[in-house]
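Work through the exercises below with the model open beside the text, and try each task before reading its solution.

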Amino acid sequence: MCADQRVSLERVRDAIEYARVCPGPRHRCPYLPTRTARHLALRIGPSQPGLYGSLLELNFRRSGSVIYRPACDGCQECRAIRVPVARFQSNRVQRRCSKKNCDLSIDIAPPAPTAEKARLYRSYINRRHGSDTDHPWLDFCRFVCESPVQTFEVSYRLANRLVAVGVIDVEPAALSTVYCYFDPDERARSLGVFNVLRMIEECRQRGIPQLYLGYYIRDCSKMNYKSGFRPHELLGTDGRWHES
């Protein structure tokens, strides 16, 4: 990290501490069901490039218009994970995944809710996560389109059929994978893994050095697959990045 970025990071950290933002109420942890969770949440307006990058460095993530990080009592399992793009080397399983999905067409565009995407999203959350919403269209539009940072969507199609969508945030020094939803009937394609591989390549094409993958949680199978992208760096409880 260069000196100017370090000053920016320290200023953002100091501003959060000065604002004395308190964590929200406890709720059931979606990743470790025997535990409860709390989040420290922020809302920021459209911001200059680099601000969200500093928040990523401080273990924050984005969901819709909310920037958040875990603030759980007695638990620090949610750690940011990122891939240093220049040194990434795919393994045999990942290369097979790329080959398996070479028949997909890929389109990158600004976020835009459509009925087709909403159907895919609802099928994904219902069948993969066993959840539903009372207002699925409104929730979907907020999730896809409300972003205070530069964001794009990656649409993956098999012939003309939409099979996956990745939501990606853009910073000068990083891309961040916000979410990927896909057709549960196409699970053999490992589309979540393929989305990461495609975004590593996108980073290379744009000259962006880091790809953030969200949180790594060792004891959660839905989150610990991210450790398969090597080398990777985990944000430690000491606030430093540790390579694995």
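**Exercise 1: burial and overall form**

Buried residues, meaning those under 20% relative accessible area with a 1.4 Å probe and protein chains only, account for 45% of the 244 residues in the protein chain. The model is predicted, with local features needing pLDDT of at least 70 and side-chain atom pairs counting only at pLDDT 80 or more, while totals for chains, interfaces and linings use all residues. Residues are numbered from 1 along each chain as its sequence is written, and side-chain values use heavy atoms, leaving out hydrogens and water.

Task: find the box that the C-alpha atoms of the protein chain fill, and the share of contacts joining residues at least 24 apart.

Solution: Taken along the principal axes, the box is roughly 50 × 45 × 35 Å. Among contacts (heavy atoms within 4.5 Å) between residues at least 6 apart in sequence, 66% join residues at least 24 apart.

**Exercise 2: the nonpolar cores**

Task: determine which residues touch the most other members of the largest nonpolar core, and follow Phe 229 outward.

Solution: A nonpolar core is a set of buried Ala, Val, Leu, Ile, Met, Phe, Trp, Tyr and Cys residues joined through side-chain atoms within 4.5 Å. In the largest, which has 39 residues, Tyr 156, Leu 175, Ile 200, Leu 211 and Phe 229 touch the most other members. Beyond its neighbours within four places in sequence, Phe 229 is in contact with residues including Val 83, Phe 88, Val 196, Ile 200 and Leu 213. Apart from this core lies another, of 17 residues, among them Ile 16, Ile 67, Tyr 212 and Leu 235.

Technical notes:
Buried means under 20% relative accessible area, exposed over 50%, partly exposed in between (1.4 Å probe, protein chains only).
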